[in-house]
Amino acid sequence: MRHIMVMNAKGGCGKSTLATNLASYYAGEGYAVALADFDPQRSSLDWAALRPPEYPAVHAIAAYEDGLRSLPRNADYVIIDAPPARMARNSPSSSGVRRASSCRCSRRRST
Ligand SMILES: Nc1ncnc2c1ncn2[C@@H]1O[C@H](COP(=O)(O)OP(=O)(O)OP(=O)(O)O)[C@@H](O)[C@H]1O
Ligand SMILES: [Mg+2]
């Protein structure tokens, strides 16, 4: 299971665009892909909801709520869309950046 995290402190610089394109690419190559959205703005989740059902599947996860608890065990690629730094500063108790950065450790603990 390979993890690819797309993160940058700057907002609006293309993180979600890159994350969704990576997810789409790997799904098209035949891999089992999970797309974990750690940003409560839900851009990646909105993208996944609009993805036509006949396209190769991308398993979207509301990771900003629940981390990677619902991550499918068979995922080949986990694409992580991290929030910008301002989100982390505004909500320290649910710091998306910190949660996204520690998600591998969390996953390891839960298995
Ligand atoms: N390579 C690119 N060239 C031109 N426009 C782009 C490119 N990548 C992203 N954009 C546009 O920039 C805007 C912001 O992109 P995106 O939502 O992916 O950024 P983000 O970093 O995820 O933002 P946020 O910090 O709010 O989550 C969108 O309108 C998107 O279409
Ligand atoms: Mg985004």
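These numbered points go through a predicted model of a protein with one ligand shell described.

1. Confidence. The model is predicted, and its average pLDDT is 87. A score of at least 70 is reached by 78% of the residues. Residues 90-94 need separate mention: pLDDT stays under 50 there, and the model gives this stretch 0 contacts beyond four places in sequence. Its placement should be read with that in mind.

2. Overall make-up. The protein has 111 residues, of which 35% count as buried. It contains 6 helices and 4 strands. In sequence order these elements follow the pattern β-α-β-α-β-α-β-α-α-α. Taking contacts between residues at least 6 apart in sequence, 71% join residues at least 24 apart.

3. The sheet. The 4 strands form an open sheet in the order β1-β4-β2-β3, and the pairing is parallel. At the edges are β1 (2-6) and β3 (58-61), each of which pairs on one side only. From one strand to the next the twist averages 20 degrees.

4. Strand pairings and register. Strand β4 is joined in the parallel sense to β1 over 5 bridges and to β2 over 5 bridges. In the β1 pairing, R2 stands opposite Y77 of β4; in the β2 pairing, A34 is placed opposite V78 of β4. The remaining pairing in the strand order, between β2 (residues 33-37) and β3, is also parallel and has 4 bridges. There V33 stands opposite V58 in β3.

5. Strand β4. How many residues of β4 are buried? The count is 5 of its 5 residues, and the strand is mostly covered. In a regular strand the side chains alternate between the two faces of the sheet. In β4, Y77, I79 and D81 point one way, while V78 and I80 point the other way. The buried set thus includes the charged residue D81 as well as Y77, V78, I79 and I80.

6. Helix α1 against the sheet. Helix α1 (residues 15-28) lies across β1, β2, β3 and β4 (77-81). Its direction is at about 165 degrees to that of β4. This helix also takes part in the ligand shell, as the next point describes.

7. The shell around ligand 1. Which residues are around ligand 1? They are G11, G12, C13, G14, K15, S16, T17, D39, Q41, S43 and P84. By class, the shell has 2 nonpolar, 7 polar and 2 charged residues. Helix α1 gives the most to this shell, with 3 residues.

8. N8, ahead of α1. N8 lies in the loop between β1 and α1. Leaving out residues up to four places away in sequence, N8 touches C13 and K15, and both C13 and K15 are in the shell around ligand 1. N8 counts as partly exposed because it has 13 C-beta neighbours inside 10 Å, and exposed would require 12 or fewer. Its C-alpha atom is separated by 7.7 Å from that of A82, a residue 74 places away along the chain.

9. A36 in β2. Is A36, in strand β2, buried or exposed? A36 is buried because 29 other C-beta atoms lie within 10 Å, where the cut-off is 20 or more. Not counting residues up to four places away in sequence, A36 touches I61, A63, L68, V78, I79, I80 and D81. Of these, V78, I79, I80 and D81 belong to β4. The C-alpha atoms of A36 and I61 are separated by 4.7 Å, although the two residues are 25 apart along the chain.

10. R42, a backbone point to check. R42 is not a glycine, yet it has a positive phi of about 65 degrees. The residue sits in the loop between β2 and α2 (43-50). R42 is partly exposed, since it has 17 other C-beta atoms within 10 Å. Two residues of the shell around ligand 1, Q41 and S43, flank R42 in the numbering.

11. R86 in α4. R86 is placed in helix α4 (residues 85-90). It counts as exposed because it has 12 C-beta neighbours inside 10 Å, and exposed means 12 or fewer. R86 and A9 are 77 residues apart in sequence, but their C-alpha atoms are 7.5 Å apart in space.

Note on methods: Residues are numbered from 1 along each chain as its sequence is written. Chains are lettered from A and ligands numbered from 1 in the order in which they are written. This is a predicted model: local features need pLDDT of at least 70, side-chain atom pairs count only at pLDDT 80 or more; totals for chains, interfaces and linings use all residues. A residue is near a molecule or strand if its C-beta atom, placed from the backbone, lies within 6 Å of it. Helices (H or I, at least four residues) and strands (E, at least two) are DSSP runs, numbered from the N terminus. Two strands pair if DSSP finds at least two bridges between them. Axes are lines fitted to C-alpha atoms, for helices over the stretch in contact, and angles run from 0 to 180 degrees between N-to-C directions. Two residues are in contact if their C-beta atoms, placed from the backbone, lie within 7 Å. pLDDT is the predictor's confidence in each residue, from 0 to 100.
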